[in-house]
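Trainee: Could you walk me through this model, one feature at a time? I'd like to learn how to read each one.

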Amino acid sequence: MTSSRATSSIKLSDGTSIPQLGFGTFQVPPADAVETVGAALDVGFRHIDTAQGYKNEAEVGEAIANSGIARDEIYVTSKLTNSMHARDDVMRSFDETLAKLRLDKLDLFLIHWPLPTRYDGDFVSTWRAMLELVEDGRLTSAGVSNFEPAHLTKIIDETGATPVVNQIEAHPYFHNNAARQASHDQAIAVEAWGPLARGEALDDPIVKAIATETDRAASQVVLRWHVQRGDIIFPKSMHRERMAENLAIFDFELSDDQIARIDTLDRGEDGRQGPNPNTFDAL
Ligand SMILES: NC(=O)c1ccc[n+]([C@@H]2O[C@H](COP(=O)([O-])OP(=O)(O)OC[C@H]3O[C@@H](n4cnc5c(N)ncnc54)[C@H](OP(=O)(O)O)[C@@H]3O)[C@@H](O)[C@H]2O)c1
């Protein structure tokens, strides 16, 4: 079965475009990843988000190769893992990423975490190495993830180069407005990770009420809220029927009132589910 594909794309500041909706692969175990990512491509996803740290790049690459879909129809993102921030490690690990994904060129590569308390606080050198990959022609676009406003300011001020995206935790319980606004102020597109609050938002009474009003699944309501905010999202699911559900969000709209009701769910910092980027230091 191949259902209708995501129809929306976002223009990035370097002139490229990214599908607004993709498929996330965090916690897709390597043993299941060929089949799971294969199902996501078959259902219609054309944007895959992986990372060196997810340990499934090789399986993502195998699924893409098996799919027979033309390379230029699939947008692939990976992320630099925390132990690889030194310039030569960026270069070497990026080569491994390309080999595992079986690609000559990657669409988007992100610094996964800024790690301001590691590497003597120097994530600017790491950012310069990412720019080198673009100059080399092996990477189309360079971006960052989990960068707080001060981190963005530092890399932009010191290099004059702006990341095309900032991938940050964002969902109905944690709008992450400061990082989101700082990104928008620099024309950096926001990618919202954990868009379903890892599934927690699907049981919310307000979300469930709007799902009933719109005759849609709770997941579709939450994902549609993200889309109408203009963010890029890539929900993860191990289940084919949920993948199809998550993909079918471009044929309905939430009203201003429905958006406003979901907006009331923001818990500020208390709603954060992942680590705080200012203190996260796992290598
Ligand atoms: N940059 C970063 O630091 C960072 C951090 C975390 C995540 N990410 C990226 O963002 C992606 C998405 O975030 P996430 O995977 O943490 O969380 P998520 O997409 O918000 O939620 C995934 C959870 O929701 C469930 N789910 C998905 N679709 C559903 C549906 N239609 N109905 C019911 N339940 C559904 C999944 O269960 P099943 O799998 O059992 O269906 C899974 O438990 C990741 O996969 C990764 O690519 C990036």
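Trainee: Which loop holds Asn176?

Mentor: Asn176 sits in the loop between β8 and α6 (177-185). Keep in mind that this is a predicted model. Now look at the backbone: most residues other than glycine have a negative phi. Asn176, though not a glycine, has a positive phi of about 55°.

Trainee: Is Asn176 buried or exposed?

Mentor: Buried, because its relative accessibility is 9% and the cut-off for buried is under 20%. Compare Arg102, in the loop between α3 (87-101) and β6 (106-111). Arg102 is not a glycine either, and its phi is positive at about 60°. With a relative accessible area of 52%, though, Arg102 is exposed.

Trainee: And what would partly exposed look like, say for Gly53?

Mentor: Gly53 has 37% relative accessibility, so it falls in that class. You'll find Gly53 in the loop between β4 (47-49) and α2 (57-67). Check its surroundings in space too: the C-alpha atoms of Gly53 and His112 are 8.8 Å apart, although 59 residues separate the two along the chain.

Trainee: On to the sheet. What is the order of its strands?

Mentor: Read across it: β3-β4-β5-β6-β7-β8-β9-β10, eight strands in an open sheet with parallel pairing. The edges are β3 (23-24) and β10 (232-233); each has a single partner strand, so one side of each lacks a neighbour in the sheet.

Trainee: How many bridges join β9 to the strands on either side?

Mentor: β8 (residues 165-169) and β9 run parallel and are joined by five bridges; one match there is Asn166 with Val190 of β9. Strand β9 (residues 189-193) also pairs with β10, in the parallel sense, over two bridges. Across that pairing, Ala192 is opposite Ile233 in β10.

Trainee: How should I read the two faces of a strand like β9?

Mentor: In a regular strand, side chains alternate between the two faces of the sheet. In β9, Ala189, Glu191 and Trp193 are on one side, Val190 and Ala192 on the other, and all are buried. With five of its five residues buried, β9 is therefore largely enclosed by the rest of the structure.

Trainee: Which residues touch the most other members of the largest nonpolar core?

Mentor: Leu106, Phe109, Trp127, Ile155 and Leu254, in a core of 67 residues. Helix α8 (residues 218-229) contributes the most to this core, with six residues. Apart from it there is another core of 14 residues, including Leu12, Leu115, Trp193 and Ile232. To see one hub, pick Phe109: beyond four places in sequence, its contacts include Phe94, Met130, Leu133 and Leu139.

Trainee: Now helix packing. At what angle do α1 and α2 pack?

Mentor: About 40°, with the axes of α1 (residues 30-43) and α2 8 Å apart, and the crossing is right-handed. Among the contact residues are Ala33, Val37 and Leu41 of α1, with Val60, Ala63 and Ile64 of α2. By type, the contact residues of α1 and α2 are eight nonpolar, three polar and two charged.

Trainee: One last residue: what does Asn246 touch?

Mentor: Beyond its neighbours within four places in sequence, Asn246 contacts Leu21, Phe45, Ser219, Leu223, Pro235 and Ser237. Asn246 belongs to helix α9 (residues 240-247), and its relative accessible area of 4% makes it buried.

Notes: Residues numbered from 1 in each chain as written. Predicted model: local features only at pLDDT ≥ 70, side-chain atom pairs only at ≥ 80, totals over all residues. Heavy atoms only, no water. Core = buried A, V, L, I, M, F, W, Y, C linked by side-chain atoms within 4.5 Å. Buried < 20%, exposed > 50% of the residue type's maximum accessible area, 1.4 Å probe, protein only. Helix = DSSP H or I, 4+ residues; strand = E, 2+ residues; numbered from the N terminus. Contact = heavy atoms within 4.5 Å. Pairing = 2+ DSSP bridges. Axes fitted to C-alpha atoms, helices over the stretch in contact; angles between N-to-C directions. Left-handed = near helix turned anticlockwise from the far one by under 90°. Nonpolar A, V, L, I, M, F, W, Y, C, P; charged D, E, K, R; others polar.
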